[in-house]
Amino acid sequence: MRQSGILMHVSSLPSTQGIGKIGEGAYAFVDFLVDSGVSVWQILPLTPTSYGDSPYQSFSVFAGNPYFIDFDQLEKDGWLITPDYASINWGTDPRRVDYTRIYTYCFHVLRVAFGRFDRENTEFQDFCKRNAFWLDDYALFMALKDANEGKPWYLWEKVLTDREPQAIEKAKDEYAEDIAFYQAVQFWFFRQWEKLKTYVNSRNISIIGDIPIYVAYDSADVWANPKLFLLNENLEPKAVAGCPPDIFSPTGQLWGNPLYDWSYHKETKYAWWISRLEQAKRMYDTLRIDHFRGFESYYAVPYGKETAEIGIWQSGPGVELFQEAEKKLGKLSIIAEDLGFVTQQVRQMLKETGFPGMKVLQFAFDGNPANEYLPQNYTDPHCIVYTGTHDNPTLRGWLSSSSTKSIGFAKRYLHCRNVTDLPTEVIRAAWSSIAQLAVAQMQDFLEVGADGRMNTPSTIGQNWQFRTVSADFTARLAKRIFRINELYNRLPELTQPPQLAHSRKSKTGRLRNTAVQQVLDQMNNTIPNRNNEIIKARIAEQKSKDAEKEEARQRAYLERKMELDLEKIREIEKMEKIVRSKKK
């Protein structure tokens, strides 16, 4: 089935709390996707961000980002009151995330909520037990980081960096309150995320999540599991991850992540990786694995080097890791980020795993008709085409940063006279391709300029800040996206046949009612909620709005079909006239 998707991270969702939240803005965005005929929502890693605010450098690959916890929902649960957070100045620009303010105030509000939180709650206790394999180490790690003024773990006392048993037990007792706080924060995050995902799936939308191949050196993952990584006796990396020099980066890219000890992982039958994939499988419907080629072979730069000019390629685990994972977890839905330097061995690994790779149109217009990213050269629909990724400029930004040669070739290829029309035509090229899934950044549908770029690799300071506001998601925009999906046969199946219009409405409504009922059951049977009646009223109001939206969508569909039918009739009449004139 042909599908379309929109790439927008949670941090970019509309919110009055300085950064996107797993709250009302997320649910409204899901409704917008439905109205647009989009069936896939792609996001970036949901893990906590560390220095540089990058979701690809996290304190834990298992934990959720505290910044995304919705304070309105915590208020409904009884842990906050409006004055705790509503009067805070979360930033002056509603289009940008002010991470300094978020860092300063977010944890303050969460600690206020923790002061009212019932730690004896059964649901919370069960959550801690189910996730103890990562949560205990993460909560202790964060408590110790706070106690050490944010310093990385390898600068703590040696007894703590070495995790000497007596020192660890002492720390658990000394920082028990902080440990419980970080456990509660994770409980709130995952509780809210699970409810949102239930709603997303009830609306026939799937979520593509993103997991980086590597972990940060300053993370609970490395501190608690040093055997998993290539570290020396001083717990320093023997080598770090990066990419060799190329035409885009003369000195290469030095990422600095510790490398895996794949021989040790093999001995454990990849138990840690399988746990990581299992966690991701619960959170998302499909996983995009960043730098997938690193499983075939990876570039190792000696630790301490300032550039990636000196390094060697070493063999990774290959397809064996994924074979072991599927034995334990069943069939995995994975997208392989196979961009950059791809060898025949990497292509063979992709073929063996059966995972689809990626095509990025911003890489296509170099003037070479044989460029593998040009749609005419796609030989297999088993791939995902992107107008651009989070590491690319927006399409408007791409216009201003590309060479005259590239823009000229793009205009010829896309039959485009005006350069300002190129972004729309690039989207059309992706949507009309044979790729099973076509994805564009939300910024490209909003026609945002260069300032909407999510990330510029190898830079720090202005990344991950793009935000939207509720006014961006208009009915007009939804209709425009819907028509593109309709034209290129990318609508969800239930929206296509006119004779199924009524059954689609009923099924959608029934699915939504199921999701709503699940939320209500959780509220009634777990944590007492002092605002249940208000929430029920809001849900009833939302159900009514959904019914109106569905009716309007079906009416628009029928009107459009009538227009197309009339156009066909006119064409037939025109052809008949031509035939009659020729006979005369």
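Is C106 buried or exposed? Select C106 to begin, bearing in mind throughout that this is a predicted model: the residue has a relative accessibility of 1% and therefore counts as buried, the limit for that class being under 20%. Select C128 next, which is likewise described as buried, with a relative accessible area of 11%. While cysteines are on display, it is worth recording that the count of disulfides comes to 0; a disulfide is a covalent bond between the sulfur atoms of two cysteines.

**The parallel sheet**

Now switch to a cartoon view and bring up the open sheet of 8 strands, whose order reads β9-β6-β3-β2-β1-β12-β11-β10 and whose pairing is parallel. At its edges stand β9, residues 334-336, and β10, residues 357-360, each of which pairs on one side only. Looking across the sheet, you will find neighbouring strands turned against each other by 25° on average, with direction ignored.

Within this sheet, select residues 40-42 and residues 206-211, that is, strands β2 and β3, which run parallel and are joined by 3 bridges. To place one position in this pairing, pick Q42, which stands opposite I208 in β3.

**The antiparallel sheet**

The next stop is an open sheet of 4 strands in the order β5-β4-β7-β8, here with antiparallel pairing. Its edges are formed by β5 (253-258) and β8 (312-315), and because each has a single partner strand, one side of each is left without a neighbour in the sheet. The average turn between neighbouring strands of this sheet is 50°, again with direction ignored.

Select residues 239-243 together with residues 297-302 to isolate β4 and β7, an antiparallel pair joined by 3 bridges. If you then label A241, its bridge partner in β7 is A300.

**Aromatic pairs**

Show the aromatic side chains next; the count of aromatic pairs in the model comes to 60. Take Y67 and Y99, whose ring centres lie 6.4 Å apart and whose planes meet at 45°, so the pair is classed as tilted. Y67 belongs to the loop between β2 and α2 (71-76), whereas Y99 is in helix α3 (residues 99-116), so this pair ties together parts of the chain that are 32 residues apart in sequence. Y67 counts as buried at 7% relative accessibility, and Y99 counts as buried at 9%.

Move on to F365 and F409, which also form a tilted aromatic pair, with 6.4 Å from centre to centre and 55° between the planes. This pair links distant parts of the chain, since F365 is in the loop between β10 and β11 and F409 is in helix α15 (residues 404-413), 44 residues apart. Colouring by accessibility would show F365 as buried, with a relative accessible area of 4%, and F409 as buried, with 9%.

**A buried threonine in a loop**

Which residues does T394 touch, leaving aside those up to four places away in sequence? Centre the view on T394, which is found in the loop between β11 (383-386) and α14 (395-401), and which is buried, with a relative accessible area of 1%. Its contacts are Q362, Q441, Q443, D444, V448, G449, A450, G452 and R453. With G449 selected alongside it, you can draw a distance from the side chain of T394 to the backbone oxygen of G449, where the separation is 3.0 Å.

**Two residues with greater accessibility classes to inspect**

Select K172 in helix α7, residues 165-174. With 38% relative accessibility, K172 counts as partly exposed, a class that lies between the limits of 20% and 50%. Beyond residues up to four places away in sequence, K172 touches L140 and I179. Add L140 to the selection: although K172 and L140 are 32 residues apart in sequence, their C-alpha atoms are 6.9 Å apart in space.

Where does T16 lie? Finish the tour there, in the loop between β1 (3-7) and α1 (24-35). T16 counts as exposed, at 71% relative accessibility, the limit for that class being over 50%. Displaying A86 together with T16 shows two residues that are 70 positions apart in sequence and 8.3 Å apart in space, from C-alpha to C-alpha.

Notes:
Residues numbered from 1 in each chain as written. Predicted model: local features only at pLDDT ≥ 70, side-chain atom pairs only at ≥ 80, totals over all residues. Heavy atoms only, no water. Disulfide = S-S within 2.5 Å. Buried < 20%, exposed > 50% of the residue type's maximum accessible area, 1.4 Å probe, protein only. Pairing = 2+ DSSP bridges. Helix = DSSP H or I, 4+ residues; strand = E, 2+ residues; numbered from the N terminus. Axes fitted to C-alpha atoms, helices over the stretch in contact; angles between N-to-C directions. Polar contact = N/O pair within 3.5 Å; in protein donor to acceptor, adjacent residues only side chain to side chain. Contact = heavy atoms within 4.5 Å. Phe/Tyr/Trp six-rings, centres within 6.5 Å; stacked < 30°, edge-to-face > 60°.
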